[in-house]
Amino acid sequence: MCSVHDGPGSWGEVGTQFDHADVVSPDDAERLLADLTFNVADNLWPDELTDPWPLCTLHGDHPLNPRFAAGKAAWVCLRDPKVTIPVGGLGGQ
Ligand SMILES: [Zn+2]
């Protein structure tokens, strides 16, 4: 479950079908993270009210998209597969 807040206001919550009793491999964990990140970006992010984020580090004129790529949850550029940044790796970008 992921709950997104902006100060006292809540944007909402999204979750996955993960259960604590499930045996989760590292690959499964990355897929769960990719699904959760996609769900937040697709269903909670108010993109009609904000500037595009996160901006593509190569092109700078469009947002990156969350995907499961090369075995990792990542932000990717849909125009250039070389731009693949692990979820959590954007730092101050
Ligand atoms: Zn790009």
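**A zinc site and its strands**

At 32% relative accessibility, His 59 counts as partly exposed. The cut-offs explain the label: buried means under 20%, exposed means over 50%, and partly exposed lies in between. His 62 falls on the other side of the lower cut-off. Its relative accessibility is 14%, so His 62 counts as buried. These values come from a predicted model.

Both histidines hold the zinc ion. His 59 binds through ND1 and His 62 through NE2. Two cysteines, Cys 56 and Cys 77, complete the list of protein donors, each through its SG atom. The four donors lie 2.0 to 2.3 Å from the zinc ion. What geometry do the four donor atoms give the site? The site is tetrahedral, with angles of 103 to 118° among the donor atoms. Along the sequence, the spacing of the donor residues reads C-x2-H-x2-H-x14-C. The x14 stretch leads up to the closing cysteine of that pattern.

Now turn to the strands. Strand S3 covers residues 65-69, and strand S4 covers residues 72-76. S3 and S4 pair in the antiparallel sense, over five bridges. One of the links is easy to find: Asn 65 has Val 76 in S4 as its bridge partner. The two strands form a hairpin, with two residues between them. Ala 70 sits in that turn and has a positive phi of about 55°.

S4 also pairs with strand S5, residues 84-86. This pairing is antiparallel too, and it runs over three bridges. Here Trp 75 has Ile 85 in S5 as its bridge partner. S4 thus has pairings with S3 and with S5. How much of S4 is covered? Four of its five residues are buried, and the strand is mostly covered.

Step back to the whole protein. It has one helix and five strands. Read along the sequence, the pattern is β-β-α-β-β-β. The C-alpha atoms fill a box of roughly 45 × 35 × 20 Å, taken along the principal axes. Of the 93 residues, 27% count as buried. His 62 is buried, while His 59 is partly exposed.

Contacts and surface finish the picture. Take the contacts between residues at least 6 apart in sequence: 35% of them join residues at least 24 apart. The protein exposes about 6300 Å². Carbon and sulfur atoms supply 55% of that area.

Key:
Residues are numbered from 1 along each chain as its sequence is written. This is a predicted model: local features need pLDDT of at least 70, side-chain atom pairs count only at pLDDT 80 or more; totals for chains, interfaces and linings use all residues. Side-chain values use heavy atoms; hydrogens and water are left out. Donors are N, O and S atoms within 2.8 Å of the metal (3.2 Å for Na, K and Ca); water is not among the atoms, so sites may look incomplete. Four donors count as tetrahedral if all angles lie between 85 and 135 degrees; four count as square planar and six as octahedral if opposite donors are over 155 degrees apart and all others between 65 and 115; anything else is irregular. Buried means under 20% relative accessible area, exposed over 50%, partly exposed in between (1.4 Å probe, protein chains only). Two strands pair if DSSP finds at least two bridges between them. Contact means heavy atoms within 4.5 Å. Accessible areas come from the Shrake-Rupley method with a 1.4 Å probe; for residues, only the protein chains shown count as cover.
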